[in-house]
Structure formats: structure tokens, C-alpha cells
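Colleague: Could you take me through one spot in this model, along with the parts of the fold around it? I would enjoy a close look at who its neighbours are and what they belong to.

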Amino acid sequence: MKTRMTTIGICLTLLAMQAAAQYQIETIAEGLDYPWSIAFLPDGAMLVTERSGKLRRIRDGKLLDKPVSGVPDVYAAGQGGLFDVVLDPDYELNDTLYLTYAHGKRRANATRVAKAKFDGAALRNLTVLFTAMPLKSTAHHFGGRMVFLPDGSFLLTTGDGFNYREEAQELDNHLGKVVRLNRDGTAPRNNPYVGRVGALPEIWSYGHRNPQAIVHDADTGTVYIHEHGPRGGDELNVIEPGRNYGWPAITYGIDYSGAQITPYTELPGMEQPLVYWVPSIAPAGMAYYDGKLFSEWHGDLFVAALAERTVRRLDLEDGEVVDQEILFATLGYRFRDVRVGPDGALYLLTDSSNGKVLRVAPGTAPL
């Protein structure tokens, strides 16, 4: 069995790393209401989702006052709201983007994904592609991140609904899963459970708690997700089709009450995380660095952390995390998302009612 890395015992490494990148941070925009996701348009503008349900535009370094119209109604309560905004791989040809969001009402809600045409100011021809089933009566654990694969299909994360954690181990529902869909919302014929009685064809992997980031490494084809543990036990996983990632049968965390969820951290047939964090850092967005501004960061993962109020750089070597670096701790922000811009800079979203978009580029000294 491969040795997995936990935050226990590596604190001195985190504090003593010598080759810290030199960078500077500038504020691109502020005044956003709990921004959740950012996308970069071909013309240099940016789109930012606000959890409350607005899609905002940033152009020429200015946050435009008028939100994008035509955004679907969202269930904005608890952890629910408007989540990811992702451009179609052929956006320059079809002007299509995708939104993930919480849909429904207090006693009946779910993670949903829709696509629409964007004309620069409004969404047109909105089409709902997928709604996770069954509907749930909690305002927590929606997942809500998506990423496109090279074949044109996409992966979407869904949470376990908090009170429904046992359903993450069942294949007859979408709770606590990664699902794979075609761009029209149908299940690809080569998904692992297509044709299996009692299993939903959209399911790609299962046994997840609340995965709030998913990225695809184009260099190796690897798909990474991270997910919130309960009290401790946040995980970074390599996702492969048909695999069981264990929640709640195995976990490195405990319940919020202090009670034991399970006596097991590993069981046959269940995948081990590449990294787990105890205590919890509350991972949010994640990015794979393939830009050109920071050559020393190429091929690394960056994890935005809410509770820890940092961004973690995970040094990847041959598919294993060999070290971690804590970044931006002195800023004191809860970080919701981290992305690599077309210019090679890192872009950070802060989780606040006065949220900011920050740009990290080479500079004279680290913070």
C-alpha cells in the first residue's frame, strides 16, 4: 500500500520550506457577495458567481454594477446557492457556459447543472441538463464543482446532503457521488454502471462526502478532487471510474459531536486518499498550475482553504504529494476558490459578504 501524507508530522516542513516563490498580490475587484467561482472569457473579461444567485462581470479591472440577466433561480440557504461557472470547451464557437447551483426549496432541493448561451450581458436559451436525485431536505453538502474531460464529457461533484451520508455508499442515488455527463445531460455509454440493475448510469465514482473541487491534469490525464471531512479527515483523492472512496464506512475524521463515525480508516475495496488533513483545513476550490509565470509551481496543485484561511501548494512528483507549502496566511482571508488565469497568474476568491478577487503574480517578496 502506498504511504499517504497527512498534515500530522509535516508542520516543520511547511514552516521551513526554503524555495518560496516571490510574488505580489493585487486586488482586482471587491464588494462581491460570497463569491464562489471564477471563469475567464476569451476577450479578457471575467465572470464570477455569487452564492446568493448573481453572476457578475469584471471588465478592464472593474466590477460592473449590473449582474448578468437570465440566471436561473437558486436555492440560496445554508451552503446552497449559485456555485460553479464553467465555459464550454468550444466557447469561442458556441458562446455556451455551464452553471451549477442548488435548486428547489427547504424541504426538497438538489444540486443542478444547466447550460446557456452568453451574449455578453445576458444568458439565453437556458437548458437544465441534470438534477441530482433524490431531492433532500437539508441546506448542506451540495458539492457543485464540474470539469470537462478531453472527450467533451464533464464530471460533476455532488454532496451527501449531510443527513444522508449512508446514501453515499448506494448506487441507486446521486448523493455523495461524482457523475459523468455528456454536454446534452445524458450519461455516456461507457460510464462504469451503465446497464447495471439498481445503479444509476450517471455515476462515475461514489463514497464521497462533500467534494467542492475537481480538476483535470491534462499532462497525465489524472482527475483530482478534494472533499470536506467531518471534524478532521478532509481528503485529496485521485478519481477513477467505478471506485468507492469510502465515506462514511471509512474516514480519518470524527463527528462534530466528538462521536466516532466508524472505527475504520481503511477497508478492502475502498480507496485511500492521496492526502488527508487532520485537523480540518476546510478545502474549497482547487487549481492545477500549468501557467508560465511561476516555473517552480508547474505541475503542482493549489487548494483554497476556508477554516485554515490559507492556500495550500501541494508539490506533486510522479503522482504523489511530496511536500506542502502554506501560502497567504498573513492575509487572514477565508479562501473560496483558486484558479490559474490565462496570463499564468493565480486568482483567489475570498469568502465574505465583501468578497474580493485577488491576483497573484511574480514580485519582490512573499507575504
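Modeller: Happily, let's start at Gln 212, which touches Trp 36, Gly 143, Arg 145, His 226, His 228, Pro 283, Ala 284, Gly 285 and Arg 336, leaving out residues up to four places away in sequence (contact meaning heavy atoms within 4.5 Å). This is a predicted model, in which local features need pLDDT of at least 70 and side-chain atom pairs count only at pLDDT 80 or more, while totals for chains, interfaces and linings use all residues. Residues are numbered from 1 along each chain as its sequence is written, and side-chain values use heavy atoms, with hydrogens and water left out.

Gln 212 sits in strand β15, residues 211–216 (helices, H or I of at least four residues, and strands, E of at least two, are DSSP runs numbered from the N terminus). Gln 212 counts as buried because its relative accessibility is 7%; buried means under 20% relative accessible area, exposed over 50%, and partly exposed in between, with a 1.4 Å probe and protein chains only. Its side chain also makes a polar contact of 3.1 Å with the side chain of Arg 336. Such a contact is a pair of N or O atoms within 3.5 Å; within protein, one must be able to donate a hydrogen and the other to accept it, and residues adjacent in sequence count only if both atoms are side-chain atoms.

Now follow Arg 145 from that list of neighbours. Its side chain meets that of Asp 84 in a salt bridge, at 3.3 Å from N to O (a side-chain nitrogen of Lys or Arg within 4 Å of a carboxyl oxygen of Asp or Glu). This pair links distant parts of the chain, 61 residues apart: Arg 145 is in the loop between β10 (123–131) and β11, and Asp 84 is in strand β7, residues 82–87. Both partners are buried. Asp 337 and Arg 339 form a salt bridge too, with the closest N and O atoms 3.0 Å apart, and both of these residues are buried. Through shared partners, salt bridges join Asp 84, Arg 145, Asp 337 and Arg 339 into one network. In total, the structure holds 21 salt bridges.

Let's move to a sheet in the same model. It is open, has four strands in the order β2-β25-β24-β23, and pairs antiparallel (two strands pair if DSSP finds at least two bridges between them). β2 (23–32) and β23 (335–340) are the edges with a single partner strand each, so one side of each lacks a neighbour in the sheet. On average, neighbouring strands are turned by 20° against each other, direction ignored; the axes are lines fitted to C-alpha atoms, for helices over the stretch in contact, and angles run from 0 to 180 degrees between N-to-C directions.

Inside this sheet, seven bridges join β2 to the antiparallel β25 (residues 355–362). Thr 27 stands opposite Leu 358 of β25, and Glu 26 has Arg 359 as its bridge partner there. On the β24 side, β24 and β25 pair antiparallel over four bridges, with Leu 346 opposite Val 360. These two strands form a hairpin with four residues between them. Seven of the eight residues of β25 are buried, so this strand is largely enclosed by the rest of the structure.

Leu 346 leads into the largest nonpolar core, where, of 20 residues, Trp 297, Phe 302, Phe 328, Leu 346 and Leu 348 touch the most other members. Such a core is a set of buried Ala, Val, Leu, Ile, Met, Phe, Trp, Tyr and Cys residues joined through side-chain atoms within 4.5 Å. At least two residues of this core come from each of β19 (283–288), β20 (301–305), β23, β24 (346–350) and β25, and β23 gives the most, with three. Setting aside neighbours within four places in sequence, Phe 302 has contacts that include Gly 285, Trp 297, Arg 313, Val 338 and Leu 346.

Arg 313 brings us to one last pair. Asp 300 forms a salt bridge with Arg 313, the closest N and O atoms being 2.5 Å apart. Asp 300 is in the loop between β19 and β20, and Arg 313 is in strand β21 (residues 310–317), 13 residues apart. Asp 300 counts as buried at 2% relative accessibility, and Arg 313 does at 7%.
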